[in-house]
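Hi,

Here is the structure I said I would pass on. Have a look at it first, and then read on for my notes.

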Amino acid sequence: MFGRPKEPDPKAEAEARQIEAMKKAVGASLGHLTVQAREGTTDHCEAAAKRIADSLKSPKFPTEFTREVREAMDALLLHTFMKATAAASKAAIEAGQADDGELRTRKIKEAREKLAGAMKYKPPTEFKVKCEKMLEVAVLSGGMKAKGPTRAKPADTTAKPENQAKISDEDYAKTEEEQAAATLARTEALARTAALARTEALR
């Protein structure tokens, strides 16, 4: 009356198990991508994301699963590019403050490249504004102090007088000995004078 229960289809079950295994593999790859995104290694992240995207091309994956994974990848790539941009911008400012023009130029270029990468994943507007301001600061930082003599401030070639107020410990000790000897000599002279005076008074 009610019919016989439908017999399980071994082929369908095997395919379902295969899809589940494929989902787990993608999930594991997404976990590795998350770790790399936290470190801000954009090259590694992009390579990992490409491998995941290639595996998602299989028609066996449900559409909803594919969409969720792609959204997660974009969010992770945005995070790593934002982190890398901020780090390069900060390094550029620090290089400028240290008067390292070569490093500053290299870091400014790197920051602009990372910012362009971040823009592909639609970062918040305030992030772009903040990074551009940091790069402006980096461009203007450094180069204020010239290393070595300049036309406005040539090298001072005049001989510097010896600092008489500062003497070595050896000279100081020598001076002390001379003063002590002079004091002793004056004391002995006074003693002789007094002795002669007494002798004359007794005569």
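To start you off: in which helix do E102 and R106 both lie, and how many residues apart are they? They sit in helix α4, four residues apart, which is about one turn of the helix. I'll come back to that pair below.

Some housekeeping. This is a predicted model, so local features need pLDDT of at least 70 and side-chain atom pairs count only at pLDDT 80 or more, while totals for chains, interfaces and linings use all residues. Residues are numbered from 1 along each chain as its sequence is written, and side-chain values use heavy atoms, with hydrogens and water left out. Helices (H or I, at least four residues) are DSSP runs, numbered from the N terminus.

**Helix α2**

Let's take α2, residues 42–55, as the way in. The expected span of a helix is 1.5 Å times one less than its number of residues. For the 14 residues of α2 that gives 20 Å, and the C-alpha atoms at its ends are 20 Å apart, which agrees.

Which residues of α2 are buried? They are T42, C45, A48, A49, I52 and A53. (Buried means under 20% relative accessible area, exposed means over 50%, and partly exposed is in between, with a 1.4 Å probe and protein chains only.) Looking down the axis of α2, you find these buried residues within an arc of 140°, so they line one face of the helix. The arc is taken from the directions from the helix axis to the C-beta atoms.

Turn to the face pointing away from that buried side and you meet the exposed residues D43, K50 and R51. As for what covers the buried residues of α2, the list includes α1 (10–39), α3 (63–97) and α4 (101–119); contact here means heavy atoms within 4.5 Å.

**Salt bridges**

A salt bridge is a side-chain nitrogen of Lys or Arg within 4 Å of a carboxyl oxygen of Asp or Glu. Searching the whole structure turns up seven of them.

One of these joins K120 and E46, at 3.8 Å from N to O. This pair links distant parts of the chain: K120 is in the loop between α4 and α5, E46 is in helix α2, and they are 74 residues apart. K120 is exposed, with a relative accessible area of 54%, whereas E46 is partly exposed at 31%.

Another stays within α2: D54 pairs with K50, and their closest N and O atoms are 3.4 Å apart. D54 and K50 are four residues apart in that helix, about one turn. D54 is partly exposed at 35%, and K50 is exposed at 52%. There is a bit more to this spot, as K50, D54 and K57 are linked in a network of salt bridges.

Now back to the pair from the top. The side chains of E102 and R106 meet in a salt bridge of 4.0 Å, N to O. E102 counts as exposed, at 63% relative accessibility, and R106 as partly exposed, at 47%.

**Aromatic rings**

A pair of aromatic rings is described by the distance of the centres and the angle of the planes. Rings of Phe, Tyr and Trp (its six-membered ring) pair if their centres lie within 6.5 Å; planes under 30 degrees apart count as stacked, over 60 as edge-to-face and the rest as tilted. By this rule the count is two aromatic pairs.

F61 and F65 make a stacked pair, 5.3 Å centre to centre with 25° between the planes. F61 is buried at 6% relative accessibility, and F65 is buried at 17%.

F81 and Y121 are also stacked, with 6.2 Å between centres and 25° between planes. Where does this pair reach? It links distant parts of the chain, from F81 in helix α3 to Y121 in the loop between α4 and α5, 40 residues apart. F81 counts as buried, at 4% relative accessibility.

F65 has a charge over its ring too: K23 lies over the face of F65, 5.4 Å from the ring centre. (The rule asks for NZ of Lys or CZ of Arg within 6 Å of the ring centre and within 35 degrees of the ring normal.)

**Two backbone oddities**

D99 has a positive phi of about 60° although it is not a glycine. D99 belongs to the loop between α3 and α4 and is partly exposed, at 24% relative accessible area.

K122 has a positive phi as well, about 55°, and is not a glycine either. You'll find K122 in the loop between α4 and α5 (125–140), where K122 counts as exposed at 73% relative accessibility.

Cheers
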